[in-house]
Amino acid sequence: MSQQVRAVVAHSKGAPVTIETITVPDPGPGEAVVTIQACGVCHTDLHYREGGINDDFPFLLGHEAAGIVESVGDGVTDLAPGDFVILNWRAVCGQCRSCRKGKPQYCFNTHNATQKMTLADGTELSPALGIGAFAEKTLVAAGQCTKVDPSARPAAAGLLGCGVMAGIGAAINTGGVGRGDSIAVIGCGGVGNAAIAGAHLVGATTIIAVDVDPTKLEWAKGFGATHTVNSRDVDAVEAIKELTGGNGADVVVDAVGRPETLKQAFFARDLAGTAVLVGVPTPDMTFDIPMIEIFGRGGATKSSWYGDCLPSRDFPMLIDLYLQGRLPLDKFVSEEIGLDAVEEAFHRMERGEVLRSVVVL
């Protein structure tokens with residue numbers, strides 16, 4: 001039997017979200033229904049509401065979530081009702097050219113549920129990143145559920161479903177930061193501070209936080225930043241070089257996603273260093289660098305999609321580190337709210353007042 005549950009829906013571009021009753025079907029083959037316990041309010045959800053992803057309204061928002069598997073469909077053998085899971089938007093297929101090369105973290109054919117959740121009148125919903133977790137329950141592909149230690153606090157664990165994993169992975173997986181390295185992170189919101197936390201976790205010795213907001217720079221210190229740079233007051237590139245012996249950092253992460261910040265990342269890295277773009281640009285943005293600079297400096301400029309993570313590998317490991325007290329996921333949770341407070345949480349996020357508002361059900 002299908003179920004009716006409360007959920008947050010965006011009906012049209014830029015319009016405030018509303019609480020609706022939606023219909024969640026029973027799971028079909030390869031699918032699972034998950035009871036949501038917590039879901040972070042991420043910039044990507046706001047991008048959906050603003051029409052910045054596509055115009056497939058209405059959207060069922062929310063994707064950075066943890067919960068309990070309620071039921072599974074035919075053919076699902078690695079999940080069972082009662083499992084505590086973090087939802088992910090990279091359910092690898094195992095068959096595409098990337099998976100066949102042994103690089104499933106770059107899967108080109110990730111799975112979503114086949115069936116559609118709907119409004120009460122039958123209108124089909126587009127779930128954000130194939131998840132739609134600002135809801136009491138949601139329907140996903142079974143591969144979007146990653147089992148982790150159930151003793152983890154859902155409000156903290158769910159953040160690995162998007163922003164925190166994106167930041168940690170940008171530093172460690174994409175940037176390759178390791179023991180003794182230097183890293184600069186431009187933009188110290190949730191993703192940027194996660195990159196800082198990841199760099200601290202693996203033993204980077206110089207961790208430079210760059211932002212224009214003194215409050216965010218203070219937050220960065222709590223995640224392991226050894227130095228802070230207010231780029232409203234000083235030239236960020238020159239400041240990063242000064243803090244790294246005049247050379248530039250081994251890795252510079254752009255967690256903002258604007259042409260000017262990516263240019264800062266490019267020029268603030270050491271020769272043969274790595275610049276990593278994890279902040280999400282808008283489609284109209286362009287990046288212009290003289291080719292001789294690209295050739296002469298060596299190294300790499302990379303994009304990081306979901307922190308180049310493999311959820312089945314990374315989520316359980318990071319939860320174990322959290323439970324050991326080595327990864328401060330709880331520090332990312334600025335507030336816990338109900339479903340009806342999502343719209344105001346978007347505004348607090350836009351004003352830079354929170355790292356993460358987390359919907360708790």
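These legends describe close-up views of a predicted model.

**View 1. Surroundings of Asp-149 in a loop of the predicted model.** Asp-149 belongs to the loop that runs between β10 (145-147) and α3 (154-157). Its relative accessible area is 31%, a value that lies between the 20% limit for buried and the 50% limit for exposed, so Asp-149 is classed as partly exposed. The side chain of Asp-149 makes a polar contact of 2.6 Å with the side chain of Ser-151. When neighbours within four places in sequence are left aside, Asp-149 is in contact with Phe-84, Ile-319 and Leu-323. Phe-266, which appears again in View 3, is 117 residues from Asp-149 along the chain, and the C-alpha atoms of the two residues are separated by 39 Å.

**View 2. The aromatic pair of Phe-223 and Phe-332.** The count of aromatic pairs in the model comes to 6. In the pair shown here, the ring centres of Phe-223 and Phe-332 are 4.4 Å apart and the planes meet at 35°; stacked pairs have planes under 30 degrees apart and edge-to-face pairs over 60, so this pair is tilted. Phe-223 is in the loop between α6 (214-222) and β13 (227-230), and Phe-332 is in the loop between α10 (311-323) and β17 (333-337), so the pair ties together parts that are 109 residues apart in sequence. Both rings belong to buried residues, because the relative accessibility is 5% for Phe-223 and 0% for Phe-332, and buried means under 20%.

**View 3. Phe-266, Phe-267 and Arg-269.** Phe-266 and Phe-267 form an edge-to-face aromatic pair, with 5.1 Å from centre to centre and 85° between the planes. Phe-266 and Phe-267 are both buried. Arg-269 lies over the face of Phe-266, at 4.7 Å from the ring centre.

**View 4. A charge over the ring of Phe-108.** The charged end of Arg-97 is placed over this ring, 4.0 Å from the centre of the ring.

**View 5. Strand β11 and the strands paired with it.** Strand β11 (residues 182-186) has 5 of its 5 residues buried, so the strand is largely enclosed by the rest of the structure. Ser-182, Ala-184 and Ile-186 point one way from β11, while Ile-183 and Val-185 point the other way. β11 runs parallel to strand β12 (residues 206-211), and 5 bridges join these two strands. Thr-206 in β12 is the bridge partner of Ser-182. β11 also runs parallel to strand β14 (residues 249-254), with 4 bridges between them. Val-252 in β14 is the bridge partner of Ala-184. Together with helix α5 (residues 190-201), β11 and β12 make a right-handed β-α-β unit.

**View 6. An open sheet that includes β4 and β8.** The sheet has 5 strands in the order β7-β2-β1-β4-β8, and the pairing is mixed. β7 (118-119) and β8 (126-127) are the edge strands, each pairing on one side only. Strand β4 (residues 59-60) pairs with β8 in the parallel sense over 2 bridges. Phe-59 stands opposite Ser-126 in β8. Phe-59 is also part of a cluster that ring pairs form with Tyr-48 and Phe-57.

Key:
Residues numbered from 1 in each chain as written. Predicted model: local features only at pLDDT ≥ 70, side-chain atom pairs only at ≥ 80, totals over all residues. Heavy atoms only, no water. Buried < 20%, exposed > 50% of the residue type's maximum accessible area, 1.4 Å probe, protein only. Contact = heavy atoms within 4.5 Å. Polar contact = N/O pair within 3.5 Å; in protein donor to acceptor, adjacent residues only side chain to side chain. Phe/Tyr/Trp six-rings, centres within 6.5 Å; stacked < 30°, edge-to-face > 60°. Lys NZ or Arg CZ within 6 Å of the ring centre and 35° of its normal. Pairing = 2+ DSSP bridges. Right-handed = clockwise from strand over helix to strand, strands pointing away.
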